[in-house]
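Subject: Structure for your review

Dear colleague,

Please find below the structure that I agreed to pass on to you. My notes on what was found in it follow.

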Amino acid sequence: MKFISFTFQVTCPVHKKSILAMCCENDPGKQSDDADRYNPCPNSEDQCDGTEEFKLSIPSLSFSEKLTLHQDATNIELINLRPAHTVGDTLVYLPNEKILFAGDIGSFGVTPLHGSGYAAGVIKTCDKILEMDVVTIVPGHGPVGGKTELAEMRDYFILIQREGKKHYHAGVTAGRAAAEIDLGKYNSWVDVDRISTNMARMYSEFSGTISPDQDFASFVKAREEYTALKRR
Ligand SMILES: [Zn+2]
Ligand SMILES: [Zn+2]
């Protein structure tokens with residue numbers, strides 16, 4: 001088998017880049033880190049130049065909790081531990097190889113973008129993964145790692161959940177909470193300012209108004225306040 005393709009709800013714009021980067025896998029030099037520029041990959045068998053239309057299609061196979069695919073000597077387990085990064089996340093687990101493709105539940109060295117996520121679910125899912133027989137974890141963002149990196153990322157959520165809750169109950173806005181929280185070592189992670197979106201999302205979890213949809217108005221408001229406070 002060459003590919004497993006997933007139909008999913010695109011909730012973060014970087015995924016379009018990721019999809020195109022996969023098309024370019026035969027020619028890694030053609031991959032781009034610039035989210036605004038999709039490099040063509042003329043040497044690739046599956047050419048893409050970034051102008052393709054992405055069309056939604058009906059899945060040919062679906063599952064609810066777990067699905068095991070057998071491909072030659074490789075067992076591939078698709079595991080749904082939802083909600084976490086979104087309302088429906090699929091992990092791809094190769095038990096014999098002890099490899100887990102975590103998708104965006106994993107973000108190593110890169111601040112997770114938590115605009116449609118469920119913090120309590122992320123923490124719970126990470127704890128479940130940490131109990132699995134896994135050595136290598138391929139995250140959705142950042143370099144390949146393992147349980148140490150996943151635990152570190154989980155602790156980011158534990159930190160912002162704990163500190164965010166204090167601010168929430170004190171009547172502090174999400175943007176101000178994002179600006180005031182001491183992120184410690186996570187300050188050196190890429191895209192640290194995602195904290196404003198993450199905090200706005202977390203506030204909806206605290207208030208019980210959370211839904212699968214992203215509340216963009218709350219993100220913009222939190223971002224503006226966060227940016228203004230950080231500029232001082
Ligand atoms: Zn994502
Ligand atoms: Zn992503």
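Which residue of E5 stands opposite Gly 103? The residue is Pro 139. Please bear in mind throughout that this is a predicted model.

The strands

Gly 103 belongs to strand E4, which covers residues 99-107. This strand is mostly covered, with seven of its nine residues buried. Its partner in the pairing just mentioned, strand E5, spans residues 136-141. E4 and E5 run parallel and are joined by five bridges.

E4 also pairs with strand E3, made of residues 90-94. Here the sense is antiparallel, and there are three bridges. Within this pairing, Tyr 93 is placed opposite Leu 100 of E4. E3 and E4 form a hairpin with four residues between the strands, and Lys 98 in this hairpin adopts a positive phi near 55°. As general background, the side chains of a regular strand alternate between the two faces of the sheet.

The helices

Two packed helices are described by the angle between their axes and the distance between the axes. Two such contacts may interest you.

The axes of helix H2 (residues 119-131) and H3 come within 10 Å and cross at roughly 155°. An angle over 145 degrees counts as roughly antiparallel, and H2 and H3 are therefore roughly antiparallel to each other. The crossing of H2 past H3 is left-handed. On the side of H2, the contact includes Val 122, Ile 123 and Cys 126, while H3 contributes residues including Leu 150, Ala 151 and Phe 157. By class, this contact has ten nonpolar, one polar and two charged residues.

Helix H3 (residues 147-169) also meets helix H5 (residues 195-207), where the axes come within 10 Å and cross at roughly 65°. H3 and H5 are therefore roughly perpendicular to each other. H3 passes H5 in a right-handed crossing. Among the residues in contact are Ile 160, Gly 164 and Tyr 168 of H3, together with Met 199, Met 202 and Phe 206 of H5. The residues of this contact comprise seven nonpolar, three polar and one charged.

The protein as a whole

In total, the secondary structure comprises six helices and five strands. Along the sequence, their order is α-β-β-β-β-α-β-α-α-α-α. The protein has 232 residues, of which 30% are buried. Of the contacts between residues at least 6 apart in sequence, 55% join residues at least 24 apart.

Yours sincerely,
A colleague

Key: Residues are numbered from 1 along each chain as its sequence is written. Chains are lettered from A and ligands numbered from 1 in the order in which they are written. This is a predicted model: local features need pLDDT of at least 70, side-chain atom pairs count only at pLDDT 80 or more; totals for chains, interfaces and linings use all residues. Axes are lines fitted to C-alpha atoms, for helices over the stretch in contact, and angles run from 0 to 180 degrees between N-to-C directions. Helices (H or I, at least four residues) and strands (E, at least two) are DSSP runs, numbered from the N terminus. Angles under 35 degrees count as roughly parallel, over 145 as roughly antiparallel, 65 to 115 as roughly perpendicular and the rest as oblique. A crossing is left-handed if the near helix is turned anticlockwise from the far one by less than a right angle, and right-handed if clockwise. Two residues are in contact if their C-beta atoms, placed from the backbone, lie within 7 Å. Ala, Val, Leu, Ile, Met, Phe, Trp, Tyr, Cys and Pro count as nonpolar, Asp, Glu, Lys and Arg as charged, and the others, Gly among them, as polar. A residue is buried if 20 or more other C-beta atoms lie within 10 Å of its own, exposed if 12 or fewer, and partly exposed in between; C-beta atoms are placed from the backbone. Two strands pair if DSSP finds at least two bridges between them.
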